[in-house]
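Reader: I have a chain open in my viewer and would like to talk through its helices, strands and charged pairs. Could you take my questions one at a time?

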Amino acid sequence: MFNTNIKSVFELTQTFSTEQDCIDYLEMLKWNKLPISPFDETSKVYKCKNNQYRCKNTGKYFNVKTGTMFENSKVSLRKWFMAIWLVTSHKKGISSIQLGKDIGVRQATAWFMLQRIRACFGIENNNELEGIVECDETFIGGKNKNRHKDKKVPHSQGRSFKDKVPVMGMLQRDGKMNAFVVTDTKRKSIQPLICRYVNPEKTILISDEWWAYKGLDKYYTHNVIDHSKKEYVSLQDNNIHTNNIEGSWNILKRSVSGMYNHVSKKHLQKYVDEFVYRFNLRKVTDQEKFRYLLSNSNVRTKYKELCH
């Protein structure tokens, strides 16, 4: 029986001391001891040697790693489990260089593992939000003041983001958050996301005065904080502010700049998904974060998808 109260990397390595321990645990999480064919869920399944199974209807063989982030990986599940624990338990994430040292693989291998793990973090970035919901955007990229004189980008202040990538977010007060990389901060990019994820019947929506939020009062009770007038909390109601989501952006930016140094626009959504996953599960134990990601590891990312 597996330890259901793992509190450290040491206890993790004790609980999963062999590769078979990892396979048995994955099978329990994924199938609850009743294997299901990934090729035909209605098919009868035959157990074969070496943890393999055969789908009767298609004749194809599979194992618990088929169709998951672990498929065709030469890295042992023991190292994968340790990587997932480290990534999900670190408050600001972990670099591929550090992960490679911690689990004993090359930096390039660690980077690929991290990208596969991040591809699964999106499970926490599609929540329906209600109650008091704060909306805001932020911009990810280097600071102009830190650039060498010949690398400075002119006219890149505020929402003029020639050198940065915009991210739009929605945060339910005392609840969960969704955040997405967007092409720009215009109405057509922002409002469809709000309408998709925020329940109009049970929500007080709060944003700043940016014109892309105009018109939302047709669907929502919409309160506006006018930052252009140095207003940060409503004078009529001190519950009307966007301080929570603005604070969360600070965490995201520190994570990206402090841990990852450079993030390409192509991969930024994965880093945002990682931040949202960590933010939304901030009140649960490291063991629960680990188990939740393993239970949702059925996103397989191929190397050529990451490099082209």
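Reader: Is K289 buried or exposed?

Author: Happy to start there, keeping in mind that this is a predicted model. The relative accessibility of K289 is 8%. The cut-off for burial is under 20%, so K289 counts as buried.

Reader: Which residue does K289 meet in a salt bridge?

Author: Helix α9 holds both partners, 3 residues apart, which puts about one helical turn between them. The N to O distance is 3.7 Å, where a salt bridge requires the two atoms within 4 Å. The partner is partly exposed, at 27% relative accessible area. The residue that meets K289 is D286.

Reader: How far apart are the closest N and O atoms of K188 and D184?

Author: This pair joins two unlike settings: K188 is exposed, with a relative accessible area of 59%, whereas D184 is buried at 13%. Their side chains form a salt bridge. The closest N and O atoms are 3.3 Å apart.

Reader: How many residues apart in sequence are the parts that R173 and E134 tie together?

Author: The side chains of R173 and E134 meet in a salt bridge, with 2.6 Å from N to O. R173 lies in the loop between β5 (165-172) and β6 (177-181), while E134 belongs to strand β4 (residues 129-140). Both R173 and E134 are buried. The parts they tie together are separated in sequence by 39 residues.

Reader: How many salt bridges does the count come to?

Author: Besides the pairs above, a network of salt bridges links R118, E274 and R278. For the chain, the count comes to 6.

Reader: How many disulfides does a search of the whole structure find?

Author: A disulfide is a covalent bond between the sulfur atoms of two cysteines. C55 is buried at 0% relative accessibility, and C120 is buried too, at 1%. Burial aside, the number of disulfides found in the whole structure is 0.

Reader: Where do β1 and β3 stand in their sheet?

Author: The sheet is open and has 3 strands in the order β1-β2-β3, with antiparallel pairing. β1 (45-47) and β3 (61-62) each have a single partner strand, so one side of each lacks a neighbour in the sheet. That places β1 and β3 at the edges.

Reader: Which residue in β3 does Y53 stand opposite?

Author: Strand β2 covers residues 53-55 and is joined to β3 by 2 bridges, the two strands running antiparallel. Y53 faces a residue of β3. That residue is F62.

Reader: How many of the 13 residues of α3 are buried?

Author: Helix α3 (residues 77-89) reaches 18 Å from first C-alpha to last, close to the 18 Å expected at 1.5 Å a residue. Its buried residues include W80, F81, W85 and L86, and these buried residues as a set pack against α1 (9-15), α2 (19-31), α4 (96-103), α5 (107-120), α8 (268-280) and α9 (286-295). The helix is mostly covered, and the buried number is 11.

Reader: What share of the chain's contacts with a separation of 6 or more comes from residues 24 or more positions apart?

Author: The chain has 10 helices and 8 strands, and buried residues make up 46% of its 308 residues. Its accessible surface comes to about 16,700 Å², with 50% belonging to carbon and sulfur atoms. Among contacts with a separation of 6 or more, the share from residues 24 or more positions apart is 62%.

Methods: Residues are numbered from 1 along each chain as its sequence is written. This is a predicted model: local features need pLDDT of at least 70, side-chain atom pairs count only at pLDDT 80 or more; totals for chains, interfaces and linings use all residues. Side-chain values use heavy atoms; hydrogens and water are left out. Helices (H or I, at least four residues) and strands (E, at least two) are DSSP runs, numbered from the N terminus. Buried means under 20% relative accessible area, exposed over 50%, partly exposed in between (1.4 Å probe, protein chains only). Contact means heavy atoms within 4.5 Å. Accessible areas come from the Shrake-Rupley method with a 1.4 Å probe; for residues, only the protein chains shown count as cover. Two strands pair if DSSP finds at least two bridges between them. A disulfide is a pair of cysteine sulfur atoms within 2.5 Å. The expected span of a helix is 1.5 Å times one less than its number of residues.
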